[in-house]
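Reader: Before we discuss the terms, could you put the structure in front of us?

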Amino acid sequence: KPFNMIKNAMNHLATEGPSYKIVFNEEKFEKEFVDLFNAYNEMVDSINEYINKNYAYELAIKESEFKQLQSYINPHFLYNSFANISTLCRLKNYEQVDILAKELSKYYMYITKNKESMVSLKEEYIMANSYIQIQQIRFEDRVKPIMKPLSENIMEIKVPKLLIQPLIENCYKHVFEEVEEDGFDMDETVDEQDDTDKPAEEMTA
């Protein structure tokens with residue numbers, strides 16, 4: 001009977017998981033079996049503890065990723081983009097609608113599907129360009145960005161994800177919102193040399 005109890009418990013563990021513990025009266029079994037039953041029950045407790053800790057850890061990771069994703073998805077930017085699509089549709093400017101939809105798709109695919117915290121500068125550059133293309137549909141001739149090509153020797157440098165886009169977003173949000181019809185020319189430059197005497201971004205009225 002003690003062997004059958006161990007066998008049944010192990011079969012249950014293999015098929016149902018660590019949800020079953022051996023219930024027994026110590027007085028009815030020899031010490032060796034009592035020790036064996038206790039060892040099995042302790043193993044079940046350890047497995048359950050590990051599962052709970054691992055589940056809590058995975059849940060915390062998912063929650064952290066979700067909050068990070070929420071910070072990436074700027075609702076104001078998204079609402080403006082949908083408003084622009086609506087306006088362009090009313091104006092029957094379907095070519096601009098097509099451009100805006102494609103660039104929005106690229107932008108949100110990048111921030112939602114790429115889980116890496118460090119990416120290549122080339123990836124950041126491409127994403128930043130998509131962001132500018134989206135904003136240009138709204139600002140039109142008021143802002144004229146010039147995206148110079150990256151030097152090949154710095155394309156694969158690893159940088160934090162979304163390093164460039166917030167800088168450009170702040171330009172549009174805090175500077176270009178007040179731009180009159182004459183507008184700005186924005187020269188967006190990424191240089192492989194650290195030249196403190198030369199600004200990375202030049203804007204001339």
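Reader: How many aromatic pairs does the count come to?

Author: The count comes to 7 aromatic pairs, where rings of Phe, Tyr and Trp (its six-membered ring) pair if their centres lie within 6.5 Å, and planes under 30 degrees apart count as stacked, over 60 as edge-to-face and the rest as tilted. This is a predicted model, in which local features need pLDDT of at least 70 and side-chain atom pairs count only at pLDDT 80 or more, while totals for chains, interfaces and linings use all residues. Residues are numbered from 1 along each chain as its sequence is written, and side-chain values use heavy atoms, with hydrogens and water left out.

Reader: What makes the pair of Phe-24 and Phe-29 edge-to-face?

Author: Their planes stand at 80° with 6.5 Å centre to centre, and an angle over 60 counts as edge-to-face.

Reader: Why is the pair of Tyr-107 and Tyr-131 called tilted?

Author: The angle between their planes is 40°, at 5.8 Å centre to centre, which is neither under 30 nor over 60 degrees, so the pair is called tilted. Tyr-107 belongs to helix α4 (residues 94-113) and Tyr-131 to helix α5 (residues 121-139), 24 residues apart; helices are DSSP runs of H or I with at least four residues, numbered from the N terminus.

Reader: Why does Tyr-107 count as buried?

Author: Buried means under 20% relative accessible area, exposed over 50% and partly exposed in between (1.4 Å probe, protein chains only), and Tyr-107 has 2%, so Tyr-107 counts as buried. Tyr-131 is likewise buried, with a relative accessible area of 1%.

Methods. Helices (H or I, at least four residues) and strands (E, at least two) are DSSP runs, numbered from the N terminus.
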